[in-house]
Amino acid sequence: MRILLVDDDQTLIDVLSRSLAEQNYAVDAVTDGEQGWLYGSTYNYDLIILDWSLPKLDGISLCQRFRANGYEMPILLLTARHGSQDKIKGLDAGADDYICKPFDLDELTARIRALLRRLNCDFLPVLSWGELQLDPCSCEVTYQGEILSLTAKEYSLLELFLRHSQEVLSIEEIIESLWSSAEYPAEATVRSHLRYLRQKLKLAGLPEDLIETIPGRGYSLKSLPQEELSVELETPEIKRSRHLNALSAAWEKYRSKSHQQLGTLETIVATWQQSDFNDSDRKKALLTAHSLAGNLGLFGFDEASQLARELEQVLSDEINQERIWQIEAILQVLRQELAAEANPSPQIACQIQEHSPFLLIIDPDPKLSEQLTEYANSKGIKTLVLTNPESTRIWLEQQSSEQLPDAVLLKLAFSELESNLHSRWDNLSLIAELSLLEPSIPVIVLADRDRFEDRLQVARHGGYFYLKQPLTPTEIISFCQEVFQRSSQGKKVMIVDDDLELLEVLPSLLHPWGFKLTTLHDPRQFWDVLQAVNPNLLVLDIEMPHLSGIELCKVLRTHPYWRKLPVMFLSIHNNVAMRNQVFASGADDFVDKPVVAKHLANRILNRLA
């Protein structure tokens, strides 16, 4: 990927050029606005970074000149001006993003990756071809989980082909994309890099002709073999069936333990019947009831879980004869409930339906809405159709945060809205309102035309993506599916807990969100597993053998790299003192056990946002 850097601060140019080169970007750097225009209008760049205050031609004027002449590459404005009006002026001039000096290099490179993903319609941060994966964030390439050792140019070549998988790239196009203007290579050099890349991919086990030679035209990435595509084309019904089978198998393993927990409670109550009240037994019974309530809830046995919660509540107070009778009555009903609910599949099936992606369609055209709804439902996506912004706002006010859609598809006829400024403003305001929610709801605009000023207005108001008709329902819903996966798909979550039943069930329960879960029950292995996995978020239990979650969090916060990792705690202890201790150790969030899958997933998503 090729970047033009325009800044008159030579020290900053040196630091940024070196940092971006380490991440496999080809960088051209110039020191005034006129040079910036000369380079930007002569060569093809994937992104331009502009300083505001430049000699000869300032950054705002240069940005406006690029846009006025039809250049649509992303522009990131880099400046020491912090005021809101300055930011508005920069974005109105045509910039796609704005970052203030001094800035964090990691934040800048993350913004660059986001702009480049938007340019190439790559919603997922990890590029893949079957089991071959390239992660631009870590600059790592893996095949079947094994890291491939590539040179910087080999890495850049592979990234280029993965980002342009449907295109044939000529030698000239490859050079323009991967080499700066100061290091124009011979064609033989490019072919040499391609040959070495092919050899390394072949040694890793990939097809020999992964990168095909197209005689007279250039090179292209080979289409994915049909057998590998068949996995991706697996129907929602098959996925749902696999999910249910996995959960049912987990329940079969846990069922005997649930009866053992009931037996433990009944034994303690029988001891109390002999008037032998012991507070340690009460605490043991309390923990057993709490664990039982949580695990029954995990498998969808809501009524049985509620009974166990009632039992937990009774056990929270001092034991007397009246409470013993209450406990006996609850245990009797609970055992009957478990006997009647031997199969968790119906309950889990309801949960899976609740976890399905939810698309809100705002479209006055009933014909297109009907087609979109039919295709979306066939892909396991729930839909709701509303006709205008007013009805949408009324509906939104009536919903809780967990009932809000995962994405909104808004159809806009800009050619008709030119004569109705109020309606145009109303639709754009709705986009802004949805983007300002916490968490924000991505809005995909389906427009009747493709003009820069329309795209700019949508982007300014927080629109996530802009599609131009005509498109088939299949193409539109495919874009929506990519948006659903924007924040969770492939995100690595590491969970450390000594509750083996919880660790066994959570991967299946969190499956609908597409997280990559790593579970660990022995905290003594924490550091080695953490470094191997490099998670995006860490979930810790508080009380574990050998090392507590609080100790692990404190160690984490002393490390210059891991100190920024989001950490969430799960615990049965929800008193104020314990929460204070957890947050004092450096935690970002605290979730009470028993765990409800959707609640936990939403909290994880909020921390990953």
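The following exchange asks why certain terms apply to this predicted model.

Me: On what basis are the residues and values of this model reported?
Reply: This is a predicted model, in which local features need pLDDT of at least 70 and side-chain atom pairs count only at pLDDT 80 or more, while totals for chains, interfaces and linings use all residues. Residues are numbered from 1 along each chain as its sequence is written, and side-chain values use heavy atoms, with hydrogens and water left out.

Me: Why is T79 called buried or exposed?
Reply: Buried means under 20% relative accessible area, exposed over 50%, and partly exposed in between (1.4 Å probe, protein chains only). T79 has 2% relative accessibility and therefore counts as buried. T79 belongs to strand β4 (residues 75-79); helices (H or I, at least four residues) and strands (E, at least two) are DSSP runs, numbered from the N terminus. Not counting residues up to four places away in sequence, T79 touches D51, W52, Y98, I99, C100 and K101, where contact means heavy atoms within 4.5 Å. In the protein chain as a whole, buried residues make up 46% of the 609 residues.

Me: Why are α16 and α18 called roughly parallel?
Reply: Axes are lines fitted to C-alpha atoms, for helices over the stretch in contact, and angles run from 0 to 180 degrees between N-to-C directions. Angles under 35 degrees count as roughly parallel, over 145 as roughly antiparallel, 65 to 115 as roughly perpendicular and the rest as oblique. Helix α16 (residues 389-397) and helix α18 (residues 421-435) pack at about 25 degrees, with their axes 10 Å apart. That angle makes α16 roughly parallel to α18. The contact is made by P389, T392, R393 and L396 of α16 and D426, N427, S429, L430, E433 and L434 of α18.

Me: What makes α12 and α13 roughly antiparallel?
Reply: Helix α12 (residues 302-315) and helix α13 (residues 321-340) pack at an angle of about 165 degrees, with their axes 10 Å apart. The two helices are therefore roughly antiparallel to each other. Among the residues that make the contact are L307, L311 and V314 of α12 and I327, I330 and L334 of α13. The contact residues divide into 11 nonpolar, 1 polar and 4 charged; Ala, Val, Leu, Ile, Met, Phe, Trp, Tyr, Cys and Pro count as nonpolar, Asp, Glu, Lys and Arg as charged, and the others, Gly among them, as polar.

Me: What makes a set of residues a nonpolar core, and which residues have the most contacts inside the largest one?
Reply: A nonpolar core is a set of buried Ala, Val, Leu, Ile, Met, Phe, Trp, Tyr and Cys residues joined through side-chain atoms within 4.5 Å. The largest has 29 residues, and those with the most contacts inside it are L132, V141, L158, F161, I174 and L201. The largest share of this core, 6 residues, comes from α6. A second, separate core of 25 residues includes L262, L296, A304 and I319.

Me: Why are K56 and H546 called exposed?
Reply: K56 is exposed because its relative accessible area is 69%, and H546 counts as exposed at 57% relative accessibility. K56 lies in the loop between β3 (47-51) and α3 (59-68), and H546 in the loop between β20 (537-541) and α23 (549-557). K56 has a positive phi of about 70 degrees although it is not a glycine; for H546, also not a glycine, phi is positive at about 75 degrees.
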